[in-house]
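Visitor: Hi, could you walk me through this one? I'm new to looking at structures.

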Amino acid sequence: MVAPGWLSLSNALTAIEAAAVLAFALSGLVAAARKRLDAVGVCVVAGLTAFGGGTIRDVLLDRRPFFWVEHAGWLWGLLALCILAMTFMRARHLSPTLRAMQWPDAVGLGLFTANGTQIALAEGMPSIVAVLMGMITGAFGGVLRDIVCNEIPTAFSDHRPYAICAFFGGWTLVGAQALQVPDGLSLLLAIAVTTGLRAWAMAVGFTLPRWDPEEPDA
Amino acid sequence: MVAPGWLSLSNALTAIEAAAVLAFALSGLVAAARKRLDAVGVCVVAGLTAFGGGTIRDVLLDRRPFFWVEHAGWLWGLLALCILAMTFMRARHLSPTLRAMQWPDAVGLGLFTANGTQIALAEGMPSIVAVLMGMITGAFGGVLRDIVCNEIPTAFSDHRPYAICAFFGGWTLVGAQALQVPDGLSLLLAIAVTTGLRAWAMAVGFTLPRWDPEEPDA
Amino acid sequence: MVAPGWLSLSNALTAIEAAAVLAFALSGLVAAARKRLDAVGVCVVAGLTAFGGGTIRDVLLDRRPFFWVEHAGWLWGLLALCILAMTFMRARHLSPTLRAMQWPDAVGLGLFTANGTQIALAEGMPSIVAVLMGMITGAFGGVLRDIVCNEIPTAFSDHRPYAICAFFGGWTLVGAQALQVPDGLSLLLAIAVTTGLRAWAMAVGFTLPRWDPEEPDA
């Protein structure tokens, strides 16, 4: 007996990916709303957050076409999402929405990191470059969002583990492939490590050890 | 009887393009002056505003050489413009200059949008990607200018239609080409729609519908 | 009698280059510390400062692999540097470190400028584009650092000659190659002019002529 097509692993992955893109886009949307950008700004910042990390990775690796060129439907989806949000979202929805999206965001970080690292490995990049590309894929959408919104990027300044989860997830993938773990399993491991670390850090309120050079030690 | 060479359509287009680049460069120049950048900053910001949008488009489409590499004379012209401006412009010139440049800027937006959209269509991009490339060509020079000047990009935050005029102009070009309107005419239509919308919006003081999620509706 | 291998010119150049990358990375590190970024932000900003200029140049010239992909050891070195700095540096070290690094920084500016200009000339770029690429290689790492740290780039706003030294150094290389000066000598000349100008400007406290359009001349 064969499972029906819409239940396949590939469909499940697409659904998870859509949830991740949605989570990233919503974080851009809420940031744009807080800065009181206009309709154009809301769409651009949401789009940068959702697709910016993968686009920087592809520019650095000189890969074409971009994800959002090959599957231009995502751009339409993003546009629809922004219009819907601007029509129906109110201030009292913003914070609960962001809180609710933290979990898909953690999954998205895992997916994007594993995906970006594997693409770079397939292009023959050295391990540390591949891990860096995974981190860029996962975290630089948010960095672009914050630069356009004229803020210091949260990923670099809030002392909560984000890119560093991607760092460990990327190395998990590199290690698994070096040990000849099958592709699907090593991807799953990388996603599990990245997302698990991020979820654990959020759950226990873990913060990165501070480097506070101003401490009075002189 | 043949019109003299310097009266040809191609020369007219080059003249309009020069006026548009001039308008963009001047807007960068005035922004740099307001932030009290030094001579190097003035030149760089003027150059980013004038050539940045087309350069981002070309990097995304993986096209080389850039406009300003193929016609390096534009870089000399920009340098001369900045030196002249720094020699002769005074505070009392800044605002009138910016106001006077609004109309060439609107024409420049139309030209750059039509040009960028057509280049992307010629590279086989999907319609929405081509329109996006047109918007980037027209509006992202100003976005780079504002990021370097440490401001939230005006194009995303002043609630005046700018990139959205490029959006409609780009779709005009896509539609005209789908209806097999000849190339020259469809370009002219796209320029007319973009520039016309922008000029109309400036004339009547139209603002984009606000998304103000903070309104007291709870 | 032959000099031992580790005394060769190439080794000397590598040592100077390492000092320059170190100087650039440290300036990023200190900027990140002042903004109180977390460990991830410190590493990213240090890396952007050290490798960002050359990476932008390579993206614009469509060159691959990047320096830090071909020699991935530099990424490990950077990571080690950041961890060491975060472990051992204290507030009272920051300013003296920056002051001490001004001289390697000036040498780095010269090296990166000469290198970037020559690469662009070898790709057949027009002279002014090659000079621009040299300036980008030397100065845009710091520009990226300041954009991420949410500041107006120092290179554009502190009225001290930096990019402009690279400008003259780049033209020195272009001129020397036009006069068929041998490659090694013209590179040395370009480095000497760039670094010399920068060192001289620092020594005498030279500032760029101001463009102050607000002066009361009306």
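Guide: Here is a chat about how the chains meet, how two copies are related, and one helix.
Guide: This is a predicted model, in which local features need pLDDT of at least 70, side-chain atom pairs count only at pLDDT 80 or more, and totals for chains, interfaces and linings use all residues. Residues are numbered from 1 along each chain as its sequence is written, while chains are lettered from A and ligands numbered from 1 in the order in which they are written.

Visitor: Okay! How many residues does the contact take from chain B and from chain C?
Guide: Chain B gives 25 residues and chain C gives 24. Two residues are in contact if their C-beta atoms, placed from the backbone, lie within 7 Å.

Visitor: Which helix of chain B has the largest share of that side?
Guide: That is α2(B), with six residues. Helices here are DSSP runs of H or I with at least four residues, numbered from the N terminus.

Visitor: And what classes of residue are on chain B's side?
Guide: There are 18 nonpolar, two polar and five charged residues on the side of chain B that touches chain C. Nonpolar covers Ala, Val, Leu, Ile, Met, Phe, Trp, Tyr, Cys and Pro, charged covers Asp, Glu, Lys and Arg, and the others, Gly among them, are polar.

Visitor: New topic: what turn lays chain C on chain A?
Guide: A turn of 120°, with a shift of 0.0 Å along the axis, and the RMSD is 0.0 Å. The two copies are therefore related as by a three-fold rotation axis. In chain C, the C-alpha nearest that axis belongs to C:N150, 3.8 Å away from it. The superposition is by least squares on the C-alpha atoms of residues with pLDDT of at least 70 in both copies.

Visitor: Cool. Where is the kink in α5(B)?
Guide: At B:Q102, shortly before the proline B:P104, and the kink is about 40°. The bend at a residue is the angle between axes fitted to the seven residues ending there and the seven starting there.

Visitor: What comes after that helix?
Guide: B:G124 follows α5(B), and its phi is positive, near 80°.

Visitor: Last one: is B:F112 buried or exposed?
Guide: B:F112, which sits in helix α5 of chain B, counts as buried because it has 29 C-beta neighbours inside 10 Å. The cut-offs within 10 Å are 20 or more other C-beta atoms for buried, 12 or fewer for exposed, and partly exposed in between, with C-beta atoms placed from the backbone.

Visitor: What does B:F112 touch, beyond its neighbours within four places in sequence?
Guide: B:F112 is in contact with B:A20, B:G53, B:G54, B:T137 and B:G138. B:A20 is 92 residues from B:F112 in sequence, yet their C-alpha atoms are 8.5 Å apart.

How values were computed:
Helices (H or I, at least four residues) and strands (E, at least two) are DSSP runs, numbered from the N terminus.
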